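Please examine the model shown here and work through the exercises that accompany it. Each task is followed by a solution in steps.

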Amino acid sequence: MMKPTAINLTVTGLAYKGQGIAHHLGKVFFIDDVLPGDQILVEDYLDHGSWAEASESTLVSPASIRQPSPCAYSDTCGGCQWLELPYAEQQRWKAGFINDAMQRVGKLSACTVDELRPSPLQLHYRNRIMLRGQLSADGSITLGYFRKKSRDLVPISRCMIATPLLNQVLERLLEQRLLTERAVKFRLNLQVVELFAEGQQASVLATVHPVEAGTATILQGLVSVLQGFAEVLWSGLHEELKTLRLIPFEGGGDNQAPFYTAPEQFQQVNLGQNRAVRHLLSQLVDNVAPRGTVVDLFCGTGNLSLGLAQAGRRIFGVELNAQAIKIANFMVAGRGLTNAQYFHMSADSFLEAWGRHRAPPLKKRRHSPQSLPAEAQGLIEVLIADPPRAGMKECLPHLLRLRPRKIIYLSCDPITMARDIGKLGEAYEVELLRGFDFFPQTYHVETLAVLTLRHP
Ligand SMILES: C[S@@+](CC[C@H](N)C(=O)[O-])C[C@H]1O[C@@H](n2cnc3c(N)ncnc32)[C@H](O)[C@@H]1O
């Protein structure tokens, strides 16, 4: 097929997921690795009618806003998209993505972000990374991330968004030699479980995932090397995680009981922002639910609601990951709380079970709901929901029946969040919409929306 004629374009905007946008003769072009203000030559593209994807393009004249990248791998590594975009601009675009999703997807044009809270750290903020790796026959260890739009490994010796402690482990690992008879691929999950405090040694959990069958024994050598590092509190193969290992996470500090986690357990990647969200949550719940019940949907280990339970609120949490629920209930017991219970079931089954006394059962039941204690029914004063990227479509019919007074929706995907809020739109009013930049240098953004029932 003949190549289309090359086109000179000026990038005018950014799309959600970070691609640049340009217009030509009524067609919208999406281009990778460009910034607003860049002048480019698009040499080849895939034509989809009203829009096109550039597959080959050259930067002719860079935008004046472009800044030098702090990362040596930004041209090849598929991790961060916006290292050359000034931080203030990153925030402006992220707030725009949230507003745009609310208008286009949620059809809620009056809803706009009141503030986008910047990350306390713009680099070295991530306390959890998943590296790809390879042991080679010459004994060397390679670690890195996938190349953009490919599964080729880009070797790195440091990551500009990972915490200094994770980089320390990465650098030490690269100095090692581990002789094997053949090349062996693996994945390495590194997570920080305690913060540096004066005189305290911070610690890392290192989980090695074999990616090819029959390589676990060879990779045990890597586990042993990691175990020898002072920074590493625990290291093991993924298959060892059948036994739960509870590890204090995020220190105790100010005589507070520590949070606990386990290797590979979900934890928010940006601790400073996570604390800011928890702080806002406690203010919001203080204002509206002095005695009422709070439900924490998609609760993980209770990150968002344990503090509320300690402040005296009645908490019911629900989560699909059995290990997370064990950890949450372990922390409840350790704190001597009698006002919080965390349940292992799907969020929609939980809501269905909660409503059984008040509402007819839904026609289509995906799971048979486990029984809940007698108090798990009646009015929900505040419902916190922090679903995965896919959102919580399956919970919406239940929410419209149960009618919690307030819904506090935390989301890492503005599109699915806007879709869900749009569907609740007639019954609920959006009272607050706030962005939290958990992920500087990338297009990702966390959003918190507070919805109030219109007619209680
Ligand atoms: C974004 S995380 C939030 C975790 C927690 N709120 C926190 O701050 O650490 C989403 C959680 O939803 C859980 N999850 C996914 N699908 C679920 C479902 N259908 N029902 C209940 N929990 C689910 C995942 O296991 C994960 O822990």
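The exercises below concern domains, a ligand shell, a nonpolar core and a sheet in this predicted model.

**Exercise 1.** Determine how the chain is divided into domains, and state how far apart the C-alpha centres of domain 1 and domain 3 lie.

Solution. Step one assigns the ranges: domain 1 covers 7–61, and domain 3 covers 128–261. Domain 2 is made up of two segments, 91–121 and 266–453. Step two concerns separation: between the C-alpha centres of domain 1 and domain 3 there are 38 Å.

**Exercise 2.** Describe the residues around the ligand, and identify those that come nearest.

Solution. The ligand has 17 residues around it. By class, this shell comprises 10 nonpolar, 5 polar and 2 charged residues. Those that come nearest are Phe-298, Gly-300, Asn-303, Leu-320 and Asp-386.

**Exercise 3.** Which residues touch the most other members of the largest nonpolar core?

Solution. The largest nonpolar core contains 122 residues, and Val-204 and Leu-297 touch the most other members. Leu-297 can then be followed further: leaving aside residues up to four places away in sequence, its contacts are Val-318, Ala-347, Leu-383, Ile-384, Ala-385 and Cys-395.

**Exercise 4.** Establish the strand order of the open sheet of 6 strands, and trace one of its edges inward.

Solution. The order reads E1-E5-E6-E4-E3-E2, and the pairing is mixed. The edges are E1 (7–10) and E2 (13–14), each pairing on one side only. From E2, 2 bridges lead to strand E3 (residues 20–24), and these two strands run antiparallel. Within E3, Ile-21 is the bridge partner of Gly-13.

Methods:
Residues are numbered from 1 along each chain as its sequence is written. This is a predicted model: local features need pLDDT of at least 70, side-chain atom pairs count only at pLDDT 80 or more; totals for chains, interfaces and linings use all residues. Domain bounds come from an automatic or database domain assignment. A residue is near a molecule or strand if its C-beta atom, placed from the backbone, lies within 6 Å of it. Ala, Val, Leu, Ile, Met, Phe, Trp, Tyr, Cys and Pro count as nonpolar, Asp, Glu, Lys and Arg as charged, and the others, Gly among them, as polar. A nonpolar core is a set of buried Ala, Val, Leu, Ile, Met, Phe, Trp, Tyr and Cys residues joined through C-beta atoms within 7 Å. A residue is buried if 20 or more other C-beta atoms lie within 10 Å of its own, exposed if 12 or fewer, and partly exposed in between; C-beta atoms are placed from the backbone. Two residues are in contact if their C-beta atoms, placed from the backbone, lie within 7 Å. Two strands pair if DSSP finds at least two bridges between them. Helices (H or I, at least four residues) and strands (E, at least two) are DSSP runs, numbered from the N terminus.
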